[in-house]
Amino acid sequence: QVQLVESGGGLVQAGGSLRLSCAASTRIFSTLAMGWFRQAPGKEREFVAEISWGGSSTRYAQSVKGRFTISRDNAKNTVYLQMNTLKPEDTAVYYCAVGPRYGTGSYDYWGQGTQVTVSS
């Protein structure tokens, strides 16, 4: 069982920045792919970004490309999502997830989510 705890959400004005963190309780964190997803009210959960186990490969949703950056610190069992130039449409609950392999879309464990609200 892997536990994931997100933090860093909050209220920010459009154009501002936030950095989300996700701490994982697993000894094999450095071997796992990590992803960020989000769910806005009344909408389905959508992919935001993912990163390979070593951090050398990353992938982003088109809607956040160039504004968001995913990174990880395997020594701290933590993955980050730096969000810049935020827009009101970025408002959602953000979830991190862990999976066995980058690029497969398969994620086994999820965090509880952290709310991001962007005001116009």
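Guide: Before we start, one term: a nonpolar core is a set of buried Ala, Val, Leu, Ile, Met, Phe, Trp, Tyr and Cys residues joined through side-chain atoms within 4.5 Å. Keep in mind, too, that what you're looking at is a predicted model.

Visitor: Okay, so which residues touch the most other members of the largest nonpolar core?
Guide: That core holds 30 residues. Strands giving it two or more residues are β3, β4, β5, β7, β8, β9 and β11. The members that touch the most others are Trp 36, Leu 81, Met 83 and Tyr 94.

Visitor: Let's pick Leu 81. Which residue of β7 stands opposite Leu 81 in β8?
Guide: Start with the strands: β7 and β8 pair in the antiparallel sense over 6 bridges. Leu 81 has plenty of contacts beyond its sequence neighbours, including Trp 36, Val 48, Phe 68 and Tyr 94. The residue standing opposite Leu 81 is Ile 70.

Visitor: And what joins those two strands; which residue in the turn has a positive phi?
Guide: β7 and β8 make a hairpin, with 4 residues between them. The one in the turn with a positive phi, about 50°, is Asn 77.

Visitor: In what order do the strands of the open sheet come?
Guide: There are 4 strands, and the pairing is antiparallel. At the edges sit β1 (4-7) and β7 (68-73), each pairing on one side only. Neighbours in the sheet are turned by 15° against each other on average, ignoring direction. The order is β1-β3-β8-β7.

Visitor: How many bridges join β3 to β8?
Guide: These strands run antiparallel, with β3 covering residues 18-24 and β8 covering residues 78-83. You can spot partners yourself: Cys 22 bridges to Val 79, and Ala 23 stands opposite Thr 78. The number of bridges joining the two strands is 6.

Visitor: How many of the residues of β8 are buried?
Guide: Buried here means under 20% relative accessible area. β8 is largely enclosed by the rest of the structure, because of its 6 residues the number buried is 5.

Visitor: Ser 21 is in β3. Is Ser 21 buried or exposed?
Guide: Ser 21 lies in strand β3. Away from its own stretch of sequence, Ser 21 is in contact with residues including Val 5, Glu 6, Trp 36 and Val 79. The cut-off for buried is under 20%, and Ser 21 has 18% relative accessibility, so Ser 21 counts as buried.

Visitor: Glu 6 popped up there. Which backbone nitrogens does the side chain of Glu 6 reach at 2.9 Å?
Guide: Glu 6 is found in strand β1, and with a relative accessible area of 5% it is buried. Its contacts further along the sequence include Trp 36, Tyr 94, Tyr 95 and Gln 112. The side chain reaches two backbone nitrogens, each at 2.9 Å: those of Cys 96 and Gly 113.

Visitor: How far apart in space are Glu 6 and Trp 110, C-alpha to C-alpha?
Guide: In sequence they are separated by 104 residues. Go from C-alpha to C-alpha through space, though, and the distance is 9.7 Å.

Visitor: Which other residues join Phe 37 in one aromatic cluster?
Guide: Phe 37 counts as buried, at 10% relative accessibility. It pairs edge-to-face with Phe 47, at 5.8 Å centre to centre and 75° between the planes. Phe 37 lies in β4 and Phe 47 in β5, so this pair ties together parts that are 10 residues apart in sequence. Along with Phe 37, the cluster is made of Phe 47, Tyr 107 and Trp 110.

Visitor: One last stop, Asp 90. Which backbone nitrogen lies 2.8 Å from a polar atom of its side chain?
Guide: You'll find Asp 90 in the loop between β8 and β9. Despite sitting in a loop, Asp 90 counts as buried, at 1% relative accessibility. Leaving out close sequence neighbours, its contacts include Arg 38, Arg 67, Phe 68 and Val 116. The backbone nitrogen 2.8 Å from its side chain belongs to Lys 87.

How values were computed:
Residues numbered from 1 in each chain as written. Predicted model: local features only at pLDDT ≥ 70, side-chain atom pairs only at ≥ 80, totals over all residues. Heavy atoms only, no water. Pairing = 2+ DSSP bridges. Axes fitted to C-alpha atoms, helices over the stretch in contact; angles between N-to-C directions. Buried < 20%, exposed > 50% of the residue type's maximum accessible area, 1.4 Å probe, protein only. Contact = heavy atoms within 4.5 Å. Polar contact = N/O pair within 3.5 Å; in protein donor to acceptor, adjacent residues only side chain to side chain. Phe/Tyr/Trp six-rings, centres within 6.5 Å; stacked < 30°, edge-to-face > 60°. Lists of a residue's contacts leave out its neighbours within four places in sequence.
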